[in-house]
Each structure stands twice: as C-alpha cells, then as structure tokens.
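Dear colleague,

Please find the structure below, with its sequence. My notes on what was found in it follow directly after.

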Amino acid sequence: AAFSRMFEDVENAVVHIIGLASNIFAAGVTRHANAKLGALQSANEELRESERALEAAADVQKRRLREAEELNARVIQSLSSGVAVIREGTLEVLLWSPRMAEITGVDTDTALGRPVDEVMKDFTGLPLQELLATVRATDRLPMTKIQLGLPGGGPTRALFLRGERLFGDDQSVRGSVVIVDDITEREMLIDSFSRYVSKEVVHHILSRGGRSGRL
C-alpha cells in the first residue's frame, strides 16, 4: 500500500511537471507568436503609410499633369496660328487646334484620329506627301507658302506652313507638328495696294501697321 501511494505521488508529480512544462512551452510559443504578430502589424502599418504616401504623390503628379494639359490647351486655343500634330507612320491626326479648324473648315472632332491625307483629300494645292517627306528628311519644314483650294470650289486661302519633328523623351520620333498661318487678307491687301504703289511700299506700310497694331 505504501509503495502504491508512493507510485501515485510520483505519477502525480510527473503529471504536474509535464503540465508546468506544457504551460511554459505554450507561454513561450504565445510570446513568440505575439512578437511576430506585432512585427507584422508594424510592417503592415508601414506599408499602409507607404501606400498613402505613394497615392498622395500620384495625386499630385496627376494634378500637375492635368494642369499642364489644360495650360497647353489654353495656349493652343489662344494662338492665331493653326496647329496640328500628326503621328509618325500612320499619319493619324493627334491634335487639330480650333484655329486649324477655322482655317480649313474641318472641325476638330472630324479630324482627330483620322489620317491627315484622308482629312485633306478634298483640298487642292496642298503637296502633302512632299511636305511630309521634307520634314522626315530634314526634321523641319521651312516656311512654305501655298494656295489652298477649299472643297466644293470655294475661294482659295493663302497660307504659310512650317513644321518640326516631334521627339519623345527617348529621342524616338513620335510625329510632326505643323503650324499654319492664314495670310489671305494680307495677300489681298498687297494685291490691292500694288495697283497704286510698288510692292516694296506696300510691305513697308504693312510692317509699320503690324508694329503699331493698326494699318
């Protein structure tokens, strides 16, 4: 009986020790897990802070880009010259300013996204392929005077054309920028005054009128 009680006491002590060891192990695992959880939460919070910072920076860049685009649009709309941007290769019209629409009679919505040779197919007096070939060969089109015949046999317009190649940030060719000035009224004045005085005098009068803002 004494031996049985002693064995029972030993067994109880072993069970108690095992329980204590299990509790200690469980506590250690819990502390380790809590430490890892805390580290993960801290890392997640840092990631969220980084995401918020990136989103704020992206919003700033988007706002600046939008403001730059709006400024460019206002500048282009205020120009007295017509401006068109033509994509390299496909000759697709990427930009057709309001003044260009006014000069040609082709509205912006009609021109955008179409090949420029298709947009201008009903006009006469425009050596489009030769002008584009000059831009490709020399990266620019010097001031060129043409008489543009409007569709339907309307009156011709005297125009000055000039152009430049458009390059991307990587210096690849993106297209061409074409600038058009309508000099029809000026040519009519020259022709009218030339009946009475020499063209040299007419040009002198026009140049003085241009500087003073009135003829």
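The buried residues of helix α5 are covered by parts of the structure that include α4 (116–119), β3, β4 and β5. Please keep in mind that this is a predicted model. The buried residues in question are Leu128, Leu131, Leu132 and Val135. They lie on the same side of α5, because the arc they cover around the axis is only 95°. The face turned away from that buried side carries Glu130 and Ala137, which are exposed. Just after the helix comes Asp139, whose phi is positive, at about 70°.

The sheet

Which order do the strands of the sheet follow? There are 5 strands in an open sheet, and the order is β2-β1-β5-β4-β3, with antiparallel pairing. The edges are formed by β2 (93–96) and β3 (140–148); each has a single partner strand, so one side of each is left without a neighbour in the sheet. From one strand to the next, the twist averages 20°. As general background, the strands of a sheet pair through backbone hydrogen bonds, and the pairing is either parallel or antiparallel.

Helix α5, which spans residues 128–138, packs on this sheet. The helix touches β3, β4 (157–167) and β5, and its direction makes about 170° with that of β3.

Strand β1 and its partners

Strand β1 is mostly covered, as 5 of its 6 residues are buried. With β5 (residues 173–182), strand β1 (residues 82–87) pairs in the antiparallel sense over 6 bridges. Two positions illustrate this pairing: Val85 stands opposite Val177 in β5, and Arg87 stands opposite Gly175 in β5.

Strand β1 is also joined to β2, by 3 bridges, and these two strands run antiparallel. Here Ala84 stands opposite Trp96 in β2. The two strands form a hairpin with 5 residues between them, and Gly89 in the turn has a positive phi of about 90°. Leu91 is placed in the loop between β1 and β2 as well. Its phi is near 60°, which is a positive value in a residue other than glycine. Is Leu91 buried or exposed? With a relative accessibility of 11%, Leu91 counts as buried, because the cut-off for that class is under 20%.

A comparable case for phi is found in the loop between β4 and β5, where Gln171 lies. Gln171 is not a glycine, yet it has a positive phi of about 70°. Its relative accessibility is 57%, and Gln171 therefore counts as exposed, the cut-off being over 50%.

Two buried residues

Ser97 is found in the loop between β2 and α2 (98–104). This serine counts as buried, at 1% relative accessibility. A polar atom of the Ser97 side chain lies 2.9 Å from the backbone nitrogen of Val83.

Leu159 has its place in strand β4. Leu159 is buried too, with a relative accessible area of 3%. Which residues is Leu159 in contact with, once its neighbours within four places in sequence are left aside? They are Ile103, Thr144, Lys145, Ile146, Leu148, Val180, Asp181, Asp182 and Ile183. The C-alpha atom of Leu159 is separated by 9.7 Å from that of Glu187, and these two residues are 28 residues apart along the chain.

Helix α6

Glu187 also appears among the buried residues of helix α6 (residues 184–193), which are Thr184, Glu187 and Ile190. Seen down the axis of α6, these residues fall within an arc of 125°, so they line one face of the helix. On the other side of α6, the exposed residues are Glu185 and Met188.

When you look at the structure, you may wish to start with helix α5 and the strands it touches, β3, β4 and β5. From there you can go on to strand β1, which pairs with β5 and is joined to β2.

With kind regards

Notes: Residues numbered from 1 in each chain as written. Predicted model: local features only at pLDDT ≥ 70, side-chain atom pairs only at ≥ 80, totals over all residues. Heavy atoms only, no water. Pairing = 2+ DSSP bridges. Helix = DSSP H or I, 4+ residues; strand = E, 2+ residues; numbered from the N terminus. Axes fitted to C-alpha atoms, helices over the stretch in contact; angles between N-to-C directions. Contact = heavy atoms within 4.5 Å. Buried < 20%, exposed > 50% of the residue type's maximum accessible area, 1.4 Å probe, protein only. Polar contact = N/O pair within 3.5 Å; in protein donor to acceptor, adjacent residues only side chain to side chain. Arc of directions from axis to C-beta.
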